[in-house]
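Visitor: I should like a close look at a single part of this model, namely one place where two helices pack against each other. Please set out the geometry and the residues involved, together with the context needed to read them.

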Amino acid sequence: MFSQPRCHLKDDNVKRYKKDQHFLIDKRVLDRIIGYGRLNSLDTVLEIGAGYGNLTGELARKAGKVIAIEADALLAASLYRWGNVEVIIGDALKIEFPPFNKVISNLPYSISSPVTFKLLHYKFELGILMYQYEFAKRMVALPDTEDYSRLSVAVQYYADVEILDVIPRTAFSTPPQVKSAIVKLIPRPAPYRVKNEDFFMRFITAAFSQRRKKLRNAILNNAALLGIKDIDIDIEAVLPHEMIDRRAETIPPHELAMLADILYSIRSHEIT
C-alpha cells in the first residue's frame, strides 16, 4: 500500500535541535518501547524527532503507517528506507500534525513541555514518550510532594500519565547528562470542569510562579496575567481564606480549579 516513500517539506528555515539530540541505541529499550505501544497494522504512529531512524524502523515493522517528523533534513534523509513511513521535515512546534492514533517518540528534551501540550490538543489513543526523568516526575506528581507543579496539574487535566521505565544515560549515543524516563499518556476527559480552560491554565501558572509564597501573594503579584483589576479587594472578598493562606503546592487540582472559576467570574462580571 505504501510502496513509494513520501516526504513533505515544511518550513524552509527549520529549527535545528542538534545539541538536544540524544539518539536511542539500546535495542532492549527500543523493544520495550515497541511493546508498550501495543502496535498493529491498523495503527498510524506519530514520531517526533525521528533522528536517523533507530526507533522509526522498529515502529515501521509493527504499525500500518508511521509519520516521522524531523527538523534536520540531513538526518531525515535516512528515514526513506521504509515504504510505510511518511517523512515531514520541519519544526514540530510549527506544523500541523496529520491524523494519528498513537504517538511514540524519543522527544527532543528542549521542547518537552510545548510539544506535549500541543499533542494533548489532538485526538489520539496512546502516547509512549521519552522525557528527562526530572520532567517526567513533575508530570506524575501529586499534591503536597516536592515535584508537584503547574506541569502536574496541566498534564493531568488532559490525560492519565504514568512512568513506565527509568532509562540510564548509556542507552543513548551522545548520552544526556541526566536519566530519562518512558512515560505513558492516555488522553481522557478532564476529571473536573472549569469555566474557561485558558484562564485556568493561566491561573495555575500564576499560582505556581512563587512556590514558597502563599497563594494570596502569588495571585496578587500576577494580577496582570490574570487580567483582573482591584484584585486585592476581590480576593479577600470572595476567595476562601483557608485556601489562599496555603501554598499552591499543597492544593489539589480540583480546588485550584474552583479558585480559578471564582476569579474568572469576577473578571467576567458574574460576581459583583
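Guide: The account below begins with the model as a whole and then turns to one helix pair and two single residues.

The structure is a predicted model, in which local features need pLDDT of at least 70 and side-chain atom pairs count only at pLDDT 80 or more, while totals for chains, interfaces and linings use all residues. Residues are numbered from 1 along each chain as its sequence is written, and side-chain values use heavy atoms, with hydrogens and water left out.

The protein chain has an average pLDDT (the predictor's confidence in each residue, from 0 to 100) of 89, and 89% of its residues score at least 70. Over residues 1-17 the pLDDT stays under 50, and the model has 40 contacts (heavy atoms within 4.5 Å) beyond four places in sequence for that stretch. The chain contains twelve helices and ten strands; these are DSSP runs, numbered from the N terminus, with helices being H or I of at least four residues and strands E of at least two. Of its 272 residues, 54% count as buried, that is, under 20% relative accessible area, with exposed being over 50% and partly exposed in between (1.4 Å probe, protein chains only).

The part requested is the pair formed by helix 7 (residues 197-207) and helix 12 (residues 253-267), whose axes come within 9 Å and cross at roughly 115 degrees. Axes here are lines fitted to C-alpha atoms, for helices over the stretch in contact, and angles run from 0 to 180 degrees between N-to-C directions. Helix 7 and helix 12 are therefore roughly perpendicular to each other, a class that covers 65 to 115 degrees, whereas under 35 is roughly parallel, over 145 roughly antiparallel and the rest oblique. From helix 7, F199, F200, R202, F203 and I204 take part, and they meet P253, L256, A257, L259, A260, L263, Y264 and R267 of helix 12. The residues of this contact divide into eleven nonpolar, no polar and two charged; Ala, Val, Leu, Ile, Met, Phe, Trp, Tyr, Cys and Pro count as nonpolar, Asp, Glu, Lys and Arg as charged, and the others, Gly among them, as polar.

For context elsewhere, L151 lies in helix 6 (residues 150-158) and counts as buried because its relative accessibility is 4%. Beyond its neighbours within four places in sequence, L151 is in contact with S113, F117, F135, R138 and M139. N84, in the loop between helix 3 (73-76) and strand 5 (85-89), counts as buried at 15% relative accessibility.
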